[in-house]
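I opened this notebook to record what I looked up, beginning with enclosed space and moving on to helices and strands.

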Amino acid sequence: MKRKKKLDIIYEDKEILVVNKPSGILTVSTPKEKEKTLFHEVSDYVKKSNPKAKVFIIHRLDKDTSGIVMFAKNQNVKYAYQNAWDNLVLKRGYVAVVDGVLEKKKDSIKSYLKETKTLLVYSSNDKKNGKLAITNYNVIKESKRYSMLDINIKTGRKNQIRVHMKDINHPILGDKKYGNKKSPANRLMLHAGELVIINPKTKKKMTFISEIPKSFNLLFDERKI
């Protein structure tokens, strides 16, 4: 079944399209799933005004992560962003709800990430045998059971935030892959809420915001704690 909700567009111009991805949908297709993807939905959207129109993914999110995803409307724009991504991106901000109360309310986590043959990512201290990953976090809300974190990643590695939260023994709620089987909201509680990036053509700074999902804040409603 297709999702009934309309595409949640954050920003659109002649070159890019920025959308808010729901949790539980793939960004792009896999051998097992071809059509139920955000890419397919965005492609259908642009074809409504021009049947020959195409879209190209600039970056992606994990299936169960929600939030900001950026698409290009032609290949030149795609490569302009992708080829200079690390230099263009000024901030990639996330919000996560993790299990427990953190002793350190603000910290930076650094490790070298590797991936097993079964696609499980893990941390290593060996810089010669892994990709550097840096995750900065700040606790913005907490209860007796959970903590909400404002997270800023300095590197964009696969499953980076999820692995680093597991490393400090505070896995993200609903992260079955990395140590937390249950989520009060029945989803992975990780959301890409802010992207600040330089337009490679105009050199102007662009800021895109996606609001924190209501289900995240509900966990910290004093009436429910």
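**Entry 1, the cavity.** I began with the enclosed space and listed the residues that line the largest cavity, which are His59, Leu61, Ile68, Arg92, Gly93, Tyr94, Ala192, Glu194 and Leu195. The elements that give two or more residues to this lining are strand 5 and strand 10, the latter spanning 190-198. I note that the model is a predicted one. Sorted by character, the lining of the largest cavity divides into five nonpolar, two polar and two charged residues. I then looked up the volume of the largest cavity, which is about 70 Å³, and a search of the whole structure finds one cavity of 30 Å³ or more.

**Entry 2, the pocket.** Next I turned to open space, where the largest pocket has a volume of about 1,600 Å³. Its lining is made up of 48 residues, and those nearest the centre of the pocket are Leu61, Asp62, Arg157, Lys158 and Asn159. Two or more residues of the lining come from each of helix 3 (85-88), strand 5 (89-99), strand 6 (106-115), strand 9 (146-153) and helix 4 (160-167). Which element gives the most to this lining? I found that strand 5 does, with five residues. By character, I recorded 14 nonpolar, 13 polar and 21 charged residues in the lining of the largest pocket. Leu61 appears in my cavity list and also among the residues nearest the centre of the pocket.

**Entry 3, helix 1.** In helix 1, which covers residues 38-49, I noted that Leu38, Val42, Ser43 and Val46 are buried. Why do they lie on the same side of helix 1? They do so because the arc they cover around the axis is only 130 degrees. As background, I reminded myself that an α-helix has 3.6 residues a turn, so residues three or four places apart point the same way. The cover over the buried residues of helix 1 includes strand 2 (16-21) and strand 4 (66-72).

**Entry 4, helix 2 and alanine 80.** For helix 2, I recorded Val77, Lys78 and Tyr81 as buried. These buried residues fall within an arc of 105 degrees when seen down the axis of helix 2, so they line one face of the helix. What covers them includes strand 2, strand 3 (56-57), strand 4, helix 3, strand 10 and strand 11 (205-209). Alanine 80 is also found in helix 2, which spans residues 75-82, but alanine 80 counts as partly exposed because its relative accessibility is 31%, and the partly exposed range lies between 20% and 50%. Leaving out residues up to four places away in sequence, alanine 80 touches Leu88 and Pro200. I also checked the C-alpha atoms of alanine 80 and asparagine 199, which are separated by 9.0 Å although the two residues are 119 residues apart along the chain.

**Entry 5, strands 6, 8 and 9.** I finished with strand pairing. Strand 6 and strand 8 (residues 131-142) run antiparallel and are joined by eight bridges; here lysine 110 has isoleucine 134, in strand 8, as its bridge partner. Strand 8 and strand 9 run antiparallel as well, joined by seven bridges, and threonine 135 stands opposite isoleucine 153 in strand 9. How many residues make the hairpin that joins strand 8 to strand 9? I found that the hairpin passes through three residues.

Methods:
Residues are numbered from 1 along each chain as its sequence is written. This is a predicted model: local features need pLDDT of at least 70, side-chain atom pairs count only at pLDDT 80 or more; totals for chains, interfaces and linings use all residues. Side-chain values use heavy atoms; hydrogens and water are left out. On a 1 Å grid over the protein atoms alone, a cavity is a set of points where a 1.4 Å probe fits but cannot get out, and a pocket is an open set with protein on both sides within 12 Å along at least five of seven lines; lining residues have an atom within 4 Å of a point. Grid points are joined across faces, edges and corners, and a volume is the space filled by probe spheres set on the points. Ala, Val, Leu, Ile, Met, Phe, Trp, Tyr, Cys and Pro count as nonpolar, Asp, Glu, Lys and Arg as charged, and the others, Gly among them, as polar. Buried means under 20% relative accessible area, exposed over 50%, partly exposed in between (1.4 Å probe, protein chains only). The arc is that of the directions from the helix axis to the C-beta atoms. Contact means heavy atoms within 4.5 Å. Two strands pair if DSSP finds at least two bridges between them.
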